[in-house]
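Reader: I would like to go through this structure in short questions. Please give the reasoning each time, then the value or name.

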Amino acid sequence: MDCLFCKIIQGEIPSKKVYEDDDVYAFHDINPIAPVHILVIPKKHISSVMGVDESDKERIGSLHLAIQKVAKEAGLEENGFRVVTNIGKHGQQTVFHLHYHIIGGRQLEWNM
């Protein structure tokens, strides 16, 4: 499989890791849009939210618990932060491996 995030998980491409457990890997985004911009991904290749199936229930729960841990460790809990996942072409998904962006460290705006 030629997936950028799978290669990062396997250590073939370097990343600035901030968290890892059996199901989840989190690392700093290489093009941050805020002082804190961390990607949280499942180690299992899932293309997007639309690729999640029944067998992924526990994995997705672990992913969300990891988001909590990473946000707390990054100091975002008190002032808040945003969690975003992009799905498909119109959603601006550029890497087709499920990933959540944790974005914070400043007042965010919503520009649509």
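Author: Start with a cysteine. This is a predicted model. Cys6 has a relative accessible area of 11%, and it is buried.

Reader: Which cysteine sulfur is nearest to that of Cys6, and how many disulfides are there?

Author: A disulfide needs two cysteine sulfur atoms within 2.5 Å. By this rule, the count of disulfides is zero. Cys6 is in no disulfide, and its nearest cysteine sulfur, 3.7 Å away, is that of Cys3.

Reader: Is Cys3 buried or exposed?

Author: Buried means under 20% relative accessible area. The relative accessibility of Cys3 is 6%, so Cys3 counts as buried.

Reader: How many aromatic pairs does the whole structure hold, and which residues form the aromatic cluster?

Author: The search finds two aromatic pairs. Phe5 and Phe27 make an edge-to-face pair, with 5.6 Å between centres and 75 degrees between planes. Tyr25 and Phe27 make a tilted pair, at 5.7 Å and 40 degrees. One aromatic cluster is formed by Phe5, Tyr25 and Phe27.

Reader: Which parts does the pair of Phe5 and Phe27 tie together, and how many residues apart in sequence are they?

Author: Both rings belong to buried residues, Phe5 and Phe27. Phe5 lies in helix 1 (residues 4-9). Phe27 lies in strand 2 (residues 24-28), so the pair ties together parts whose separation in sequence is 22 residues.

Reader: Which residue does UniProt list for "active site", and where is its place?

Author: The UniProt entry is unreviewed. The place is the loop between strand 4 (81-84) and strand 5 (100-104). The residue listed is His99.

Reader: What does His99 touch, and is His99 buried or exposed?

Author: Residues up to four places away in sequence are not counted. His99 then touches Phe5, Leu39, Val40, Ile41, Val84 and Thr85. The relative accessible area of His99 is 5%, so His99 is buried.

Reader: Where is the place of Glu77, and is Glu77 buried or exposed?

Author: Glu77 sits in the loop between helix 2 (57-73) and strand 4. Exposed means over 50% relative accessible area. Glu77 has 54%, so Glu77 is exposed.

Reader: Which residues is Glu77 in contact with, and how many Å apart are Glu77 and Gly104 in space?

Author: Neighbours within four places in sequence are left aside. Glu77 is then in contact with Ala71 and Lys72. Glu77 and Gly104 are 27 residues apart in sequence, and their C-alpha to C-alpha distance is 9.7 Å.

Methods: Residues numbered from 1 in each chain as written. Predicted model: local features only at pLDDT ≥ 70, side-chain atom pairs only at ≥ 80, totals over all residues. Heavy atoms only, no water. UniProt positions renumbered as here; feature names shortened; annotations may be inferred. Helix = DSSP H or I, 4+ residues; strand = E, 2+ residues; numbered from the N terminus. Buried < 20%, exposed > 50% of the residue type's maximum accessible area, 1.4 Å probe, protein only. Contact = heavy atoms within 4.5 Å. Phe/Tyr/Trp six-rings, centres within 6.5 Å; stacked < 30°, edge-to-face > 60°.
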